[in-house]
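Q: Please take a close look at one part of this model for me. I would like to see how the salt bridges are placed and what surrounds them.

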Amino acid sequence: MTDALRIENLRKTYGSGFEALKGIDLQVRQGDFFALLGPNGAGKSTTLGIVCSLVNKSSGKVTVFGHDIDTDLSRAKMTLGVVPQEMNFNQFEKVIDIVVTQAGYYGIPAKKAVVSAERYLRQLGLWDRRNSPARSLSGGMKRRLMIARALVHEPKLLILDEPTAGVDIELRRSMWTFLEDLNKQGTTIILTTHYLEEAEALCRNIAIIDKGEIIQDTSMRDLLKQLSVESFLLDLSEPLSEVPELEAFDSRLTAEGQLEVDVRKGQDLNTVFSKLDQQGIRVLSMRTKANRLEELFIRLVESNSAQSGGAL
Amino acid sequence: MSPRAIWTALMTIVVREVRRFTRIWPQTLLPPAVTMTLYFVIFGNLIGSRIGKMDGFDYMAFIVPGLIMMSVITSSYSNVVSSFFGIKFHRSIEELLVSPVPNYIILAGYVAGGMARGLGVGLIVTLVSLGFTDLSVQHPVLTVLTVALTSMLFSLGGFINAMLATKFDDISIVPTFILTPLTYLGGVFYSIHQLPEFWQSVSMINPILYMVNAFRFGILGVSDVNVGISLAMIVAFIVGLIVVCLRMLARGQGIRH
């Protein structure tokens with residue numbers, strides 16, 4: 001099956017001499033929900049900008065559903081929908097006009113465009129605001145408007161550059177559900193985000209880019225397997241005066257009276273629970289101390305930074 | 001894209017452009033009507049009556065073609081430069097860049113929008129002028145052809161200015177320091193035959209002189225220059241500017257990093 005996106009030896013050097021991409025390779029399979037992560041300035045937006053024709057590449061090859069952007073750009077663009085990081089619509093235009101105009105750029109006649117626009121504006125909860133000028137929308141609504149605009153021509157590949165930045169938790173969750181449904185219906189999705197729990201919750205495969213290089217390109221599952229230690233916080237029914245004996249498990253009491261337990265690869269939580277139970281300690285609830293992907297992400301980027309002799 | 005899809009994309013740009021300048025008509029359509037009315041009253045009626053005949057015509061009748069052309073040139077140019085720089089500034093140009101619209105359609109759409117405003121303003125100024133003088137068009141086809149080509153030429157000029165501009169100041173430099181002086185010195189208010197020979201020769205390198213005179217010939221039947229040369233020059237400039245615009249678009253100059 002043709003890859004949704006294939007990037008080969010992609011390089012970008014800006015006019016200032018800054019080398020944003022140092023020959024990256026990337027493959028995104030059809031139907032995938034793919035995360036492209038990296039610290040600020042790592043090259044995420046440059047990569048996606050090149051794919052979407054917003055940035056000129058210096059060299060390398062990019063194909064979208066088999067269409068080379070150098071030789072078959074029009075077809076490549078037809079398959080793409082883009083939700084950029086920053087607002088990029090005319091704030092004075094009406095919501096419906098922004099979406100219908102975008103459809104027109106893809107050659108979709110007005111009548112058909114209005115039907116498609118209604119569909120996505122309804123799904124994204126913006127239909128009641130269709131005649132409002134875009135500037136009157138809240139930040140979250142503006143982000144949803146950009147998603148509706150990106151989908152109006154029904155692309156096979158949707159690229160989202162930090163779509164939930166600045167969006168409240170409730171709305172973020174509803175956008176996750178929307179994107180998951182879209183992915184289930186067959187749309188390939190590439191996501192960049194600073195909310196690593198978002199990537200962990202949504203994406204099946206992941207690439208991490210740092211200083212213009214791909215430093216990790218694997219499945220989310222395999223990546224998370226690399227975690228050798230995971231810390232859990234346990235809420236107890238009674239506060240403890242001293243740390244209970246858990247033998248092979250490192251543990252400590254937090255200032256809040258919770259028990260923090262480190263579980264290494266190969267160890268299991270059942271043992272922790274049984275040992276606590278033997279000592280008459282009841283656990284009311286439990287949560288991971290930090291986002292697992294966040295821990296890995298920081299570790300990988302720090303390791304790459306140390307190897308290249310730079311600082312974060 | 002299929003030819004039908006390309007047509008839809010073109011009409012989308014054109015309709016958007018026309019909607020834009022008609023929505024803000026007090027800024028786009030009304031000012032030329034007010035300014036030209038003042039020109040007609042002050043230069044045509046008050047001062048013109050003391051000047052007497054110019055090339056055998058009342059001064060009012062003589063300046064009408066030039067003033068119509070001046071408003072067409074200014075409106076065509078400023079429509080494209082402000083609209084295209086505007087979408088660059090608030091980044092909605094990305095809507096176009098990510099879409100499969102071919103570059104020549106982007107150019108055609110914006111030029112058509114500039115021409116729609118330029119010719120619309122030309123029509124308004126013509127109607128205003130009818131309140132001051134009688135206009136009997138001598139060569140209707142030539143008149144329409146000249147004004148349409150001139151509008152196209154300055155729309156293309158506005159497009160180049162917008163692509164090169166990086167700040168709002170950059171879109172007012174050309175109209176203020178190049179376009180307006182060339183228009184005023186392009187025979188709008190006088191016949192170059194009244195100038196000393198040296199300044200007649202200098203005037204001949206002003207391209208706007210040829211456009212104003214071709215248009216005046218179409219309406220009044222008199223011109224300071226050869227009308228055939230005028231039309232050939234306008235067409236040559238148009239072809240040259242189209243090539244420049246398409247090359248800039250292909251390179252993504254000022255619009256892609």
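A: Here is a walk through the salt bridges, followed by a sheet and a surface patch.

The model is predicted. Start with the idea behind the pairs. Side chains of opposite charge can pair when their charged atoms come close. Across all chains, the count comes to 20 salt bridges. Three of these pairs are described below.

Take A:D97 and B:R19. They form a salt bridge, and their closest N and O atoms are 3.6 Å apart. A:D97 sits in helix α3 (residues 95-105) of chain A, while B:R19 sits in helix α1 (residues 3-23) of chain B, so this pair joins two chains. Are these residues buried or exposed? A:D97 has a relative accessibility of 22%, so it counts as partly exposed. B:R19 has 38%, so it also counts as partly exposed. The cut-off matters here: buried means under 20%.

Next come B:E95 and A:R149. Their side chains meet in a salt bridge at 2.7 Å, N to O. This pair also crosses between chains. B:E95 belongs to helix α5 (residues 93-97) of chain B, and A:R149 belongs to helix α5 (residues 139-151) of chain A. Both B:E95 and A:R149 are buried.

The third pair stays within chain A. A:K275 forms a salt bridge with A:E247, with the closest N and O atoms 3.0 Å apart. A:K275 lies in helix α9 (residues 269-278) of chain A. A:E247 lies in the loop between β11 (229-236) and β12 (250-253) of chain A. The pair therefore ties together parts that are 28 residues apart in sequence. Its two ends differ in cover. A:K275 counts as buried because its relative accessibility is 16%. A:E247 has a relative accessible area of 59%, so it is exposed.

Some salt bridges share partners. In this way A:E93, A:R149, B:R16 and B:E95 are joined into one network.

Now look at chain A as a whole. It has 312 residues, and 52% of them count as buried. It holds 10 helices and 14 strands. Its C-alpha trace spans about 70 × 45 × 40 Å along the principal axes.

One open sheet in chain A has four strands, in the order β2-β1-β4-β5, with antiparallel pairing. The edge strands are β2 (19-28) and β5 (67-68), and each pairs on one side only. Strand β1 (residues 5-13) pairs with β2(A) over seven bridges. In that pairing, A:I7 stands opposite A:L26. Five bridges join β1(A) to β4(A), and A:L5 stands opposite A:V64 there. Two bridges join β4(A) to β5(A), where A:T63 faces A:D68. β4(A) and β5(A) form a hairpin with two residues between them. In its turn, A:F65 has a positive phi of about 50°. Helix α1 (residues 44-51) of chain A lies across β1, β2 and β4 (59-64), at about 115° to β1(A).

Finish on chain B. A nonpolar patch lies on the surface, with about 860 Å² of accessible area together. Its members include B:W25, B:L30 and B:F43. Helix α3 (residues 30-51) of chain B gives the most to the patch, with nine residues. B:L30 lies in this helix. B:L30 is partly exposed, with a relative accessible area of 39%.

Terms used
Residues numbered from 1 in each chain as written. Chains lettered and ligands numbered in written order. Predicted model: local features only at pLDDT ≥ 70, side-chain atom pairs only at ≥ 80, totals over all residues. Heavy atoms only, no water. Pairing = 2+ DSSP bridges. Contact = heavy atoms within 4.5 Å. Axes fitted to C-alpha atoms, helices over the stretch in contact; angles between N-to-C directions. Patch = residues over 30% accessible without salt bridge, like charges linked within 9 Å, V, L, I, M, F, W, Y side chains within 5 Å. Areas by Shrake-Rupley, 256 points an atom, 1.4 Å probe, with all protein chains shown as cover. Salt bridge = Lys/Arg side-chain N within 4 Å of Asp/Glu carboxyl O. Buried < 20%, exposed > 50% of the residue type's maximum accessible area, 1.4 Å probe, protein only.
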